[in-house]
Amino acid sequence: MRLSRHLQLKLLHALWPACIARARREAVKASLRSIHVSDRKVLKPKDFEDDTALRQRLRDTKDTPTFETSPLDAWAFVRVHNEVRTLGVALETIAGVFKRGILAHHGSTDGSVEIMEAFCQKHPGFSVFHYPHSIYPAHHDAYKGEVPEENTLAGYYNAILEKIPEGDWFMKIDADHAYHSDALRFALYLPLHETDAVSLSRVNMVVKNEGKNDDDFQVMSFLDHYDQWLVCKRNLEFKMVTGIKPDGDYYAYELLELDRNFLKMECPQLHFPYEKSWRAAPEGDFEPFTDFMAKQSKARFDPDFFNLENVKRLYRRFV
């Protein structure tokens with residue numbers, strides 16, 4: 001017999017382990033839709049060997065306290081376009097999380113394809129998909145008129161999506177991100193039903209002067225969820241959305257409309273959108289990374305990943 005979500009939550013409340021302080025327990029009870037850093041670090045599968053409801057909550061597979069397996073066996077949904085500088089780090093930081101994935105491109109010429117092919121040789125569950133049509137990028141003026149479906153971002157994304165079987169789970173992955181592998185792995189334990197989805201936030205970085213000084217590592221913005229997600233493929237389709245912003249600027253981008261119960265987890269990624277030859281970094285200075293992090297909650301940002309030395313280490317590994 002399948003328990004209703006109400007009964008599942010009541011069981012979760014009743015079985016909550018005594019190792020968590022009462023104040024923390026009550027806080028989580030009040031907002032069960034938020035998953036924090038401490039939940040990943042404290043709630044180990046070995047703590048729930050006798051608690052069926054909690055094992056289901058974390059998608060435990062026997063005794064794997066370091067979450068080495070992917071219980072959902074989700075696909076990595078990766079799109080690449082001339083991102084040779086950051087691609088290796090992005091793939092390296094997801095390699096231990098996903099056992100399969102689609103690495104898609106639509107004509108990369110900077111060496112990205114060679115990196116993808118080498119990765120797939122080491123990880124045979126992944127494959128390279130060359131989309132054979134040219135694509136108009138987001139916000140391009142061409143979208144103000146009629147654009148053939150195959151030349152839209154939505155058409156491109158739907159062609160990738162077709163490679164993933166119906167009913168399988170997948171996570172949208174970007175080639176200019178560096179991922180917190182443990183946090184991504186933990187995300188795969190969170191959904192209970194096909195109607196659940198895990199929403200991922202990101203920190204958008206700008207690195208000035210090739211990162212010569214600490215203050216050159218700057219945060220341009222923080223996107224709090226929804227642009228990236230872990231979701232089950234069930235009757236999904238990307239569509240193009242166009243219009244005019246209140247400031248008069250034109251917008252056009254692909255959108256996957258998701259009618260899901262979203263879980264918000266800790267931030268699992270750093271985004272380096274300007275570490276590519278075809279996109280110029282914005283002028284002016286932004287908030288130094290250390291100043292930004294000083295104001296953030298450790299419930300949302302794991303200091304083991306979100307610290308300046310780790311950011312520098314990741315940046316130095318860019319090609």
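This is a short tour of a predicted model, stop by stop.

**The whole chain**

Start with everything shown. The protein chain has 319 residues, and 51% of them count as buried. Its secondary structure comes to ten helices and twelve strands. Now turn on the surface. The accessible area is about 15,200 Å², and carbon and sulfur atoms hold 50% of it. For a contact map, take pairs with a separation of 6 or more: 75% of those contacts join residues 24 or more positions apart.

**Strand β2**

Select residues 100-105, which form strand β2. Six of the six residues are buried, so the rest of the structure largely encloses this strand. Show the side chains. R100, I102 and A104 point one way. G101, L103 and H105 point the other way.

Next, add residues 75-80, strand β1. β1 and β2 run parallel, joined by six bridges. To find one matched position, pick V80 and look opposite, to H105 in β2. Then trace the connection between the two strands. The chain leaves β1, passes through helix α5 (residues 84-94) and enters β2; this β-α-β crossover is right-handed.

Now add residues 126-130, strand β3. Five bridges pair β3 with β2, again in the parallel sense. Pick A104 and its bridge partner F129 in β3. The path from β2 to β3 goes through helix α6, residues 112-122, and this β-α-β crossover is right-handed.

**The nonpolar cores**

Hide the cartoon and keep the side chains. Which residues have the most contacts inside the largest nonpolar core? They are I94, F98, I173 and L184, in a core of 34 residues. Several elements each supply at least two residues of this core, among them β1, α5, α6 and β4 (169-174). Also on that list are α8 (181-187), β6 (196-207) and β7 (217-232).

Centre on I94. Beyond its neighbours within four places in sequence, I94 is in contact with A76, F126, I173, Y179 and L184. Another core lies apart from the largest one. This second core has 27 residues, including W75, A104, I160 and L161.

**The salt bridges**

Side chains of opposite charge can pair when their charged atoms come close. The model holds 16 salt bridges. Three are worth a stop.

Select K99 and D73. Their side chains meet in a salt bridge, with N to O at 3.6 Å. K99 lies in the loop between α5 and β2, and D73 in the loop between α4 (52-58) and β1, so the pair ties together parts 26 residues apart in sequence. K99 is partly exposed at 49% relative accessibility. D73 is partly exposed too, at 25%.

Step along to R100 and D168. Their closest N and O atoms are 3.2 Å apart. R100 belongs to strand β2, while D168 sits in the loop between α7 (153-161) and β4, so this salt bridge ties together parts 68 residues apart in sequence. Is D168 buried or exposed? D168 is buried, with a relative accessible area of 18%, because the cut-off is under 20%.

For the third stop, select K264 and D224. The closest N and O atoms of this salt bridge are 3.8 Å apart. K264 is in strand β10 (residues 261-264) and D224 in strand β7, 40 residues apart. K264 is partly exposed at 35%, and D224 is partly exposed at 36%.

Finish by selecting D73, K99, R100 and D168 together. Salt bridges that share partners join these four into one network.

Key:
Residues numbered from 1 in each chain as written. Predicted model: local features only at pLDDT ≥ 70, side-chain atom pairs only at ≥ 80, totals over all residues. Heavy atoms only, no water. Buried < 20%, exposed > 50% of the residue type's maximum accessible area, 1.4 Å probe, protein only. Helix = DSSP H or I, 4+ residues; strand = E, 2+ residues; numbered from the N terminus. Pairing = 2+ DSSP bridges. Right-handed = clockwise from strand over helix to strand, strands pointing away. Contact = heavy atoms within 4.5 Å. Areas by Shrake-Rupley, 256 points an atom, 1.4 Å probe, with all protein chains shown as cover. Core = buried A, V, L, I, M, F, W, Y, C linked by side-chain atoms within 4.5 Å.
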